[in-house]
Amino acid sequence: ARQAMAIGTHTIEQRVVGLGERLRSDLAGVPGVTVRDTAVRRCAIVTFTVDGVPAEDVVVSAARADVVISASTAAWAALDMDAKRTATVVRASPHVFNTDDDLARLVDVVASLPRR
C-alpha cells in the first residue's frame, strides 16, 4: 500500500491501462490471435484466444519463458464468457512493474506456438 501511495494511484492506472492497450494491439497483430476484450472502459486485464491452441497450453508455454499468465474458464466467468462467445480465454494482467520487453516476450511466445 505504501508503494502504491508513493507512486500514486492515478500514475499506476495510466501505466497499466497503457500497457494493456499496447499488449492488445501487439497480440491483435499475431495471426490466429483474437483479443476478446469487449469493455468500453478497459483496464490492464487482457483476454485473448489463439486458434488451435488451448488456453492452458498458452499458459504453460508462457511459463517456460518466465511469463506469468492464466486461463479463465466459463466455470469462473460464465456471463463474461457468454459475451465473448468462448468457453476459455488466456488472461494477461500487466502491472506497473512490467516492461515493454515483458510484453514483447509474451507476444513472441504466442506467435511461436504450434497450431493444431
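**Exercise 1. Find the polar partners of the Asp-37 side chain.**

Step 1. Start with Thr-47. In this predicted model, the side chains of Asp-37 and Thr-47 make a polar contact at 2.6 Å.

Step 2. Look for a further partner. The side chain of Arg-24 also makes a polar contact with that of Asp-37, at 2.5 Å.

Step 3. Place Asp-37 in the chain. Asp-37 sits in the loop that links β1 (33-35) to β2 (46-50).

Step 4. Decide whether Asp-37 is buried or exposed. The relative accessible area of Asp-37 is 12%. The cut-off for buried is under 20%. Asp-37 is therefore buried.

**Exercise 2. Work out the order of the strands in the sheet.**

Step 1. Write down the order. Four strands form an open sheet, in the order β1-β2-β4-β3. The pairing is antiparallel.

Step 2. Pick out the edges. These are β1 and β3 (70-73), each of which pairs on one side only.

Step 3. Add the twist. From one strand to the next, the twist averages 40 degrees.

Step 4. Place the helix. Helix α2 (residues 9-28) packs on the sheet and touches β1, β2 and β4. The direction of α2 makes about 15 degrees with that of β2.

**Exercise 3. Trace the pairing of β4 with β3 and with β2.**

Step 1. Take β3 with β4 (residues 88-92). Four bridges join these antiparallel strands.

Step 2. Match residues across this pair. Ala-71 is opposite Val-90 of β4. Thr-73 is opposite Thr-88 of β4.

Step 3. Turn to β2 with β4. Three bridges pair these strands, again in the antiparallel sense.

Step 4. Match residues here too. Thr-47 stands opposite Arg-91 in β4. Thr-47 is also the residue whose side chain contacts Asp-37.

**Exercise 4. Explain what the salt bridge between Arg-42 and Glu-21 ties together.**

Step 1. Find the total. The whole structure holds seven salt bridges.

Step 2. Read the distance. The side chains of Arg-42 and Glu-21 meet at 3.6 Å, N to O. The cut-off for a salt bridge is 4 Å.

Step 3. Locate both ends. Arg-42 belongs to the loop between β1 and β2, and Glu-21 to helix α2, so this pair ties together parts 21 residues apart in sequence.

Step 4. Check the exposure. Arg-42 has a relative accessible area of 32% and is partly exposed. Glu-21 is partly exposed as well, at 33% relative accessibility.

**Exercise 5. Analyse the salt bridge between Asp-100 and Arg-22.**

Step 1. Read the distance. The closest N and O atoms of Asp-100 and Arg-22 are 2.8 Å apart.

Step 2. Locate both ends. Asp-100 lies in helix α5 (residues 100-111), whereas Arg-22 lies in helix α2. The pair therefore ties together parts that are 78 residues apart in sequence.

Step 3. Check the exposure. Asp-100 is partly exposed, at 41% relative accessibility. Arg-22 is partly exposed too, with a relative accessible area of 31%.

**Exercise 6. Find a salt bridge inside helix α5, then a network of salt bridges.**

Step 1. Look at Asp-102 and Arg-105. They form a salt bridge whose closest N and O atoms are 3.4 Å apart.

Step 2. Consider the spacing. Asp-102 and Arg-105 are three residues apart in helix α5, so about one helical turn separates them.

Step 3. Check the exposure of Arg-105. Arg-105 is partly exposed, with a relative accessible area of 33%.

Step 4. Follow shared partners. Salt bridges join Glu-21, Arg-24, Asp-37 and Arg-42 into one network. Asp-37, buried at 12% relative accessible area, is one of its members.

**Exercise 7. Describe the chain as a whole.**

Step 1. Name the elements. The chain has five helices and four strands. From the N terminus, their order is α-α-β-β-α-β-α-β-α.

Step 2. Find the buried share. The chain has 116 residues, and 34% of them count as buried.

Step 3. Examine the contacts. Take the contacts with a separation of 6 or more: 57% of them involve residues 24 or more positions apart.

Step 4. Finish with the surface. The accessible surface is about 7000 Å², and carbon and sulfur atoms account for 55% of this area.

Methods: Residues are numbered from 1 along each chain as its sequence is written. This is a predicted model: local features need pLDDT of at least 70, side-chain atom pairs count only at pLDDT 80 or more; totals for chains, interfaces and linings use all residues. Side-chain values use heavy atoms; hydrogens and water are left out. Helices (H or I, at least four residues) and strands (E, at least two) are DSSP runs, numbered from the N terminus. Buried means under 20% relative accessible area, exposed over 50%, partly exposed in between (1.4 Å probe, protein chains only). Contact means heavy atoms within 4.5 Å. Accessible areas come from the Shrake-Rupley method with a 1.4 Å probe; for residues, only the protein chains shown count as cover. A polar contact is a pair of N or O atoms within 3.5 Å; within protein, one must be able to donate a hydrogen and the other to accept it, and residues adjacent in sequence count only if both atoms are side-chain atoms. Two strands pair if DSSP finds at least two bridges between them. Axes are lines fitted to C-alpha atoms, for helices over the stretch in contact, and angles run from 0 to 180 degrees between N-to-C directions.
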